[in-house]
Structures are given as C-alpha cells and as structure tokens.
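User: I should like a close look at a single part of this protein, set out in one connected account. Please relate that part to its surroundings as you proceed.

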Amino acid sequence: MIRHRWRTHLKSATTEAAVVALVGDYLGEWDAEEIASLPASAWPNEVRDRADIMSSMFRIGEVHGKFRGSAAALMRLQELLLFFTHAAVRVTQIAAAADHPPANDAGSKPSECARPKASRREGAR
C-alpha cells in the first residue's frame, strides 16, 4: 500500500508535537504483513520527540544502505525512509523557526530600514 497524504500533512504541521502525532498515525497505517517484510531493525521504536524522529531516520537509512532483499520489501523500506526523512526535515524547520522567528513576527522589534553600507569597491571611487 502506498500512503500519499502524509506529505501534505507534514508540510502543514506547525509544531513538533503535530509531527510526532503524524508519525504515529503514519506508522499505524502499516499492516502486520508490511512490517514483517522489513528488516526488524528498520521498524521505529516509540517516537516521542524530534530526537526519536532523527535517530529513526538515521537507523532506517543505515538499514537501507545494507539492504539485500526483495524488491517489494525494498520499496517499503524506501517509503519508510522517505517518510522519516521528510518528518526529520519538518521538525528541524519548526525548531529553527522557533529559534529564529521572522523579523515581522508579532513579538519582534520593528526592523529599521537602513541603507546598505557601500562596498570597498564603491568607496574607492
């Protein structure tokens, strides 16, 4: 089974908790047969936060790099890796935005419009 909705949901997630919830929902869509076709070390443990998402992504990537199995199992492993890569990117984007809010954020100071300093080349004229 190929799951498509997760891309849109991940892009619209605005908090780490929302991404973690999406990870749980995504993993819940896998049936026992699909999970059994994967190497045991590829299936994520409990995912509670950004660190769990990141470690799962790296572990799945490592398993993928060493994988020698059927084409069907490889396709599922790649789907899982792709999902966790996108989830890791999204939680990192959310964390970065929290660390560095946009200049026009309601809580930030208004930015001053300043003329850029002349470069050395312009100053030498």
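How many residues does H4 have, and how far does it reach from its first C-alpha to its last?

Analyst: The model is a predicted one. Helix H4 has 17 residues and reaches 25 Å from its first C-alpha to its last, which is close to the 24 Å expected at 1.5 Å a residue. The protein to which it belongs contains six helices and zero strands, and its elements follow the order α-α-α-α-α-α from the N terminus on.

At the N-terminal end of H4, Asp49 acts as a cap, with a side-chain oxygen 3.2 Å from the backbone nitrogen of Ala51.

Along the helix, the buried residues are Asp52, Ile53, Ser56, Met57, Ile60 and Val63. Viewed down the axis of H4, these buried residues fall within an arc of 135 degrees, so they line one face of the helix. The general geometry agrees with such spacing: an α-helix has 3.6 residues a turn, so residues three or four places apart point the same way. The other side of H4 carries the exposed residues Phe58, Gly65 and Lys66.

The partners of the buried residues of H4 are H2 and H5, against which they pack. Ile53, a residue of H4, illustrates this environment. Its relative accessibility is 0%, and Ile53 therefore counts as buried, the limit being under 20%. Leaving aside residues up to four places away in sequence, Ile53 touches Val19, Val20, Val23, Val47, Phe84, Ala87, Ala88 and Val91. The C-alpha atoms of Ile53 and His86 are separated by 10.0 Å, although the two residues are 33 residues apart along the chain.

Ile53 also has a place in the largest nonpolar core, which comprises 28 residues; Val19, Val23, Ile53, Leu80, Phe83 and Phe84 touch the most other members. Helices H1 (6-12), H2 (16-28), H4 (50-66) and H5 (71-99) each supply at least two residues of this core, and H5 gives the most, with 10 residues.

A second link to H4 runs through Leu80. With residues up to four places away in sequence not counted, Leu80 touches Ile60, as well as Tyr26, Leu27, Trp30, Leu38, Ala42, Trp43 and Pro44.

For the protein as a whole, buried residues make up 29% of the 125 residues. Among contacts between residues at least 6 apart in sequence, 68% join residues at least 24 apart. The protein exposes about 8,800 Å², of which carbon and sulfur atoms supply 56%.

Note on methods: Residues are numbered from 1 along each chain as its sequence is written. This is a predicted model: local features need pLDDT of at least 70, side-chain atom pairs count only at pLDDT 80 or more; totals for chains, interfaces and linings use all residues. Side-chain values use heavy atoms; hydrogens and water are left out. A nonpolar core is a set of buried Ala, Val, Leu, Ile, Met, Phe, Trp, Tyr and Cys residues joined through side-chain atoms within 4.5 Å. Buried means under 20% relative accessible area, exposed over 50%, partly exposed in between (1.4 Å probe, protein chains only). Helices (H or I, at least four residues) and strands (E, at least two) are DSSP runs, numbered from the N terminus. Contact means heavy atoms within 4.5 Å. Accessible areas come from the Shrake-Rupley method with a 1.4 Å probe; for residues, only the protein chains shown count as cover. The expected span of a helix is 1.5 Å times one less than its number of residues. The arc is that of the directions from the helix axis to the C-beta atoms. A polar contact is a pair of N or O atoms within 3.5 Å; within protein, one must be able to donate a hydrogen and the other to accept it, and residues adjacent in sequence count only if both atoms are side-chain atoms.
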